[in-house]
Amino acid sequence: MNTDMDILNAILRGMTIPQRREWLVKMLMAKHGITFEAIAKRHRLNKWYINGSLIGKFPMGSKVVNAIESQFNIDLGPFMTKEEKKRMGRI
């Protein structure tokens with residue numbers, strides 16, 4: 001088990017912040033059996049906008065952050081870039 005954690009840590013350290021954020025959210029989605037479409041419908045957002053924001057293609061908006069945080073009861077703060085944190089008022 002310890003070797004598995006070492007490998008996972010090495011993989012995550014090699015990722016950018018948006019890649020880590022995408023990995024976390026997609027793992028949570030798989031765990032809970034939820035799709036981007038289901039999240040989008042519940043929070044009245046576009047599924048492409050949610051996905052694009054998570055991967056860093058679009059700027060992270062407060063609606064996407066609130067939707068993901070409330071959906072999975074998590075804090076996305078550690079998975080945001082400095083610019084995103086500043087824009088969200090989390091610095």
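How much accessible surface does the protein have, and what percentage of that surface belongs to carbon and sulfur atoms? Here are some notes to read alongside the structure.

1. Let's take that question straight away. The accessible surface of the protein comes to about 6,100 Å², and carbon and sulfur atoms make up 55% of that surface. Keep in mind as you read that this is a predicted model.

2. Now the overall layout. You'll find six helices in the protein and zero strands, so following the chain along its sequence simply gives you α-α-α-α-α-α.

3. On to the dimensions. The C-alpha trace spans about 40 × 30 × 20 Å along its principal axes. The radius of gyration is 14 Å, which agrees with the value near 12 Å for a compact globule of 91 residues.

4. What about the inside? Of the 91 residues, 34% count as buried. Among contacts with a separation of 6 or more, 47% are between residues 24 or more positions apart.

5. Next, have a look at the largest nonpolar core, which has 19 residues. Those touching the most other members are Val25, Ile39, Ile50, Ile68, Phe72 and Leu76. At least two residues of this core come from each of helix 2 (17-32), helix 3 (36-43), helix 4 (47-55) and helix 5 (62-72). Helix 5 gives the most, with five residues. As background, nonpolar side chains tend to be buried together in soluble globular proteins.

6. Ile50 is a handy place to zoom in. Setting aside neighbours within four places in sequence, Ile50 is in contact with Phe36, Ile39, Ala40, Leu45, Val64 and Ile68. Two of those partners, Ile39 and Ile68, were also named in the core list above.

7. Two loop residues deserve a second glance. Most residues other than glycine have a negative phi. Arg44, however, has a positive phi, near 55 degrees, and sits in the loop between helix 3 and helix 4. Is Arg44 buried or exposed? Arg44 counts as exposed because its relative accessibility is 78%, over the 50% cut-off.

8. Asn73 is the other one: not a glycine, yet with a positive phi of about 55 degrees. You can find Asn73 in the loop between helix 5 and helix 6 (82-88). With a relative accessibility of 73%, Asn73 counts as exposed.

9. Last, the charges. The protein has 16 positive and 8 negative charges, and the mean positions of these two groups are 7 Å apart.

Notes: Residues are numbered from 1 along each chain as its sequence is written. This is a predicted model: local features need pLDDT of at least 70, side-chain atom pairs count only at pLDDT 80 or more; totals for chains, interfaces and linings use all residues. Side-chain values use heavy atoms; hydrogens and water are left out. Helices (H or I, at least four residues) and strands (E, at least two) are DSSP runs, numbered from the N terminus. The radius of gyration is taken over C-alpha atoms; the globule rule is 2.2 Å times the number of residues to the power 0.38. Buried means under 20% relative accessible area, exposed over 50%, partly exposed in between (1.4 Å probe, protein chains only). Contact means heavy atoms within 4.5 Å. Accessible areas come from the Shrake-Rupley method with a 1.4 Å probe; for residues, only the protein chains shown count as cover. Lys and Arg count as positive and Asp and Glu as negative; His and the chain ends are not counted. The place of a charge is taken as NZ of Lys, CZ of Arg, CG of Asp or CD of Glu. A nonpolar core is a set of buried Ala, Val, Leu, Ile, Met, Phe, Trp, Tyr and Cys residues joined through side-chain atoms within 4.5 Å.
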